[in-house]
Amino acid sequence: MNSLVAAAGALVAATALPYLAYLALYAVVSPSGSPADKRDDEPSVSIVLPTYNESGIIEKKLDDVVSLDYPMEKVELVVVDSSDDETPELIAEYFADRAHPDLNLIREQERRGLAPALNDAYAAADNEMVVKTDCDSYVADDALREAAANLADPDVAAVTGQNAEVLGGSEVEAGYRGVQAHIQTLESHLDSTLIFHGPFSAFANDAIVPIDPNSLADDTELALKIRRGGDRVIFDPAVRYKEASHSDFGKRRLQKDRRGMGLIRLLAQHRDALGKYGNYGKLVLPFNWWFMVVSPWLVALDVLAVTAAGIAVAGPVGLAVPAALAGFVWLGQKDLLGPLQAVYAVFDSQVSLLHAAIELLRGKGDGTWEVDEELREAFD
């Protein structure tokens with residue numbers, strides 16, 4: 001056998017092996033739903049909402065909040081705002097004639113980044129359950145009740161949910177979220193999940209600790225620190241939200257790469273947690289290290305090695321390998337791959353993570369973000 005073909009085959013097998021092992025583990029555990037001992041509960045709730053120039057969508061978001069199936073007299077809304085448009089005035093006007101929920105509007109004098117803003121908002125939150133949500137997302141009517149039922153389990157101090165409907169109709173994002181939901185369900189049944197989602201994450205107030213002011217993965221960092229404090233942090237597919245996303249390859253880089261940078265940096269900062277905290281450190285963190293840190297580089301090497309092997313065996317015809325990959329990407333970003341769309345979504349995430357790793361190595365990444373007007377339109 002040609003040595004290049006053998007090397008390419010071995011590299012592809014090494015890349016695939018951890019994924020196959022995780023699939024086998026999934027088959028053995030057969031996880032479903034939340035692992036928590038859910039019970040009806042109705043704690044007081046602080047909803048934390050960071051805002052930055054949201055004047056075009058803020059009223060829709062506030063409509064979403066006040067329409068939740070929960071007694072609003074038990075809810076306070078903590079808004080931390082760094083806008084230079086009329087967003088804070090619109091918020092104050094919206095609540096001017098409302099008795100509930102209580103409004104705590106924190107206006108920043110300068111834009112410092114999301115993590116410092118959230119630290120201030122969490123410190124100001126008075127109620128038993130603290131829910132963080134993003135302005136450009138919708139939350140299911142029963143999300144607060146589902147979250148409260150999870151936190152009623154004394155072993156659980158944080159819960160996140162799933163993007164049940166991708167606004168804008170991106171099949172790429174829907175495919176990725178579907179795969180991610182299965183992974184996070186398995187992680188939660190093994191112990192705890194890693195990734196917490198900005199559109200909806202709920203925390204027991206007494207478990208909240210400050211996050212790194214330079215964090216790019218604020219929700220996930222808080223959950224990770226809570227797990228390190230001894231409590232479980234889980235994913236429940238019954239906790240649902242809606243968030244917009246792109247399918248276009250280039251536009252996804254803007255949305256996804258920053259998240260990738262935050263997650264990779266967080267894993268590196270907490271590398272000492274590997275092997276500790278039960279199955280969280282023995283299985284969940286090692287798999288995420290593989291998926292986010294190691295696998296993207298191996299996937300890139302796979303493409304190069306398979307292309308080289310193809311050229312070695314078939315000459316110029318071997319260039320069909322990168323041509324086929326380019327076609328796969330083109331069809332994927334157009335949502336035209338049918339049942340293979342989920343496979344493309346995972347490949348797309350690997351591209352984001354590879355790009356994110358390169359950007360981190362170049363010293364890029366701060367705590368601010370740019371408004372994506374197209375996503376705002378999809379939300380609207």
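Glutamine 162 sits opposite arginine 240 in S8 in this predicted model. The two strands around that spot are S6 (residues 156-167) and S8 (residues 232-244), which pair in the parallel sense over 9 bridges. As a bit of background, strands of a sheet pair through backbone hydrogen bonds, either parallel or antiparallel.

Now zoom out to the whole sheet. It is an open one, built from 8 strands in the order S3-S2-S1-S4-S7-S6-S8-S5, and the pairing is mixed. Which strands stand at the edges? They are S3 (102-107) and S5 (137-139); each has a single partner strand, so one side of each is left without a neighbour in the sheet. Going from one strand to the next, the twist averages 25°.

Helices lie on this sheet too. Helix H2 (residues 58-66) lies across S1 (45-51), S2 (75-81) and S5, and it runs at about 15° to S5. Helix H6 also packs on the sheet, where it touches S6 and S8. The direction of H6 makes about 165° with that of S8.

**Where helices meet**

Two packed helices are described by the angle between their axes and the distance between the axes. Helix H11 takes part in both of the pairs below.

| Helix pair | Angle | Axis distance | Contact residues by class |
|---|---|---|---|
| H6 and H11 | roughly 85° | within 8 Å | 7 nonpolar, 3 polar, 2 charged |
| H10 and H11 | about 105° | 10 Å | 6 nonpolar, 3 polar, no charged |

Let's take H6 with H11 to begin with. Their axes cross at roughly 85°, and the two helices are therefore roughly perpendicular to each other. On the H6 side, the contact uses Glu171, Val172, Gly175, Tyr176 and Val179. Facing them from H11 are Gln341, Ala342, Tyr344, Ala345, Val346, Asp348 and Ser349.

Next comes H10 with H11. The angle here is about 105°, and that makes H10 roughly perpendicular to H11. H10 brings Leu325, Phe328, Val329, Gly332 and Gln333 to the contact, and H11 answers with Gln341, Val343, Tyr344 and Phe347. No charged residues take part in this one.

**Empty space inside**

Rolling a probe the size of a water molecule over the atoms shows where empty space is left. How many cavities of 30 Å³ or more does the structure hold? There are 5 of them, and the largest has a volume of about 140 Å³. A total of 14 residues line that largest cavity, with Tyr176, Gln180, Ile183, Ile195 and Phe291 nearest its centre. The elements giving two or more residues to this lining are H6 (171-190) and H9 (279-314). H6 provides the largest share, 6 residues. Tyr176 is worth a second look: it is among the residues nearest the centre of the cavity, and it also belongs to the H6 side of the contact with H11. By class, the cavity lining has 9 nonpolar, 4 polar and 1 charged residues.

What about open space? The second largest pocket holds about 780 Å³. It is lined by 26 residues, and Ala16, Tyr19, Val343, Val346 and Phe347 lie nearest its centre. H1 (3-29), H6, H9, H10 (320-333) and H11 (341-361) each supply at least two residues of that lining. Its make-up is 21 nonpolar, 4 polar and 1 charged. Here too some names come back: Val343 and Phe347 lie nearest the pocket centre along with others, and both are on the H11 side of the contact with H10. Val346, also listed near the centre of the pocket, is one of the H11 residues that meet H6.

**Backbone oddities in the loops**

A few backbone spots deserve a look while you have the model open. The peptide bond from histidine 100 to proline 101 is cis, with omega near -5°. Proline 101 is found in the loop between H3 (87-95) and S3, and S3 is one of the edge strands mentioned above.

Which residues other than glycine have a positive phi? One of them is serine 30, with phi near 50°; it lies in the loop between H1 and S1. Another is tyrosine 277, with phi near 60°. Tyrosine 277 is in the loop between H8 (249-269) and H9, and H9 is one of the helices that help line the largest cavity.

Notes. Residues numbered from 1 in each chain as written. Predicted model: local features only at pLDDT ≥ 70, side-chain atom pairs only at ≥ 80, totals over all residues. Heavy atoms only, no water. 1 Å grid on protein atoms, 1.4 Å probe; cavity = no way out; pocket = protein on both sides within 12 Å on 5 of 7 lines; lining within 4 Å. Points joined across faces, edges and corners; volume = space filled by probe spheres on them. Helix = DSSP H or I, 4+ residues; strand = E, 2+ residues; numbered from the N terminus. Nonpolar A, V, L, I, M, F, W, Y, C, P; charged D, E, K, R; others polar. Axes fitted to C-alpha atoms, helices over the stretch in contact; angles between N-to-C directions. Parallel < 35°, antiparallel > 145°, perpendicular 65-115°, else oblique. Contact = heavy atoms within 4.5 Å. Pairing = 2+ DSSP bridges.
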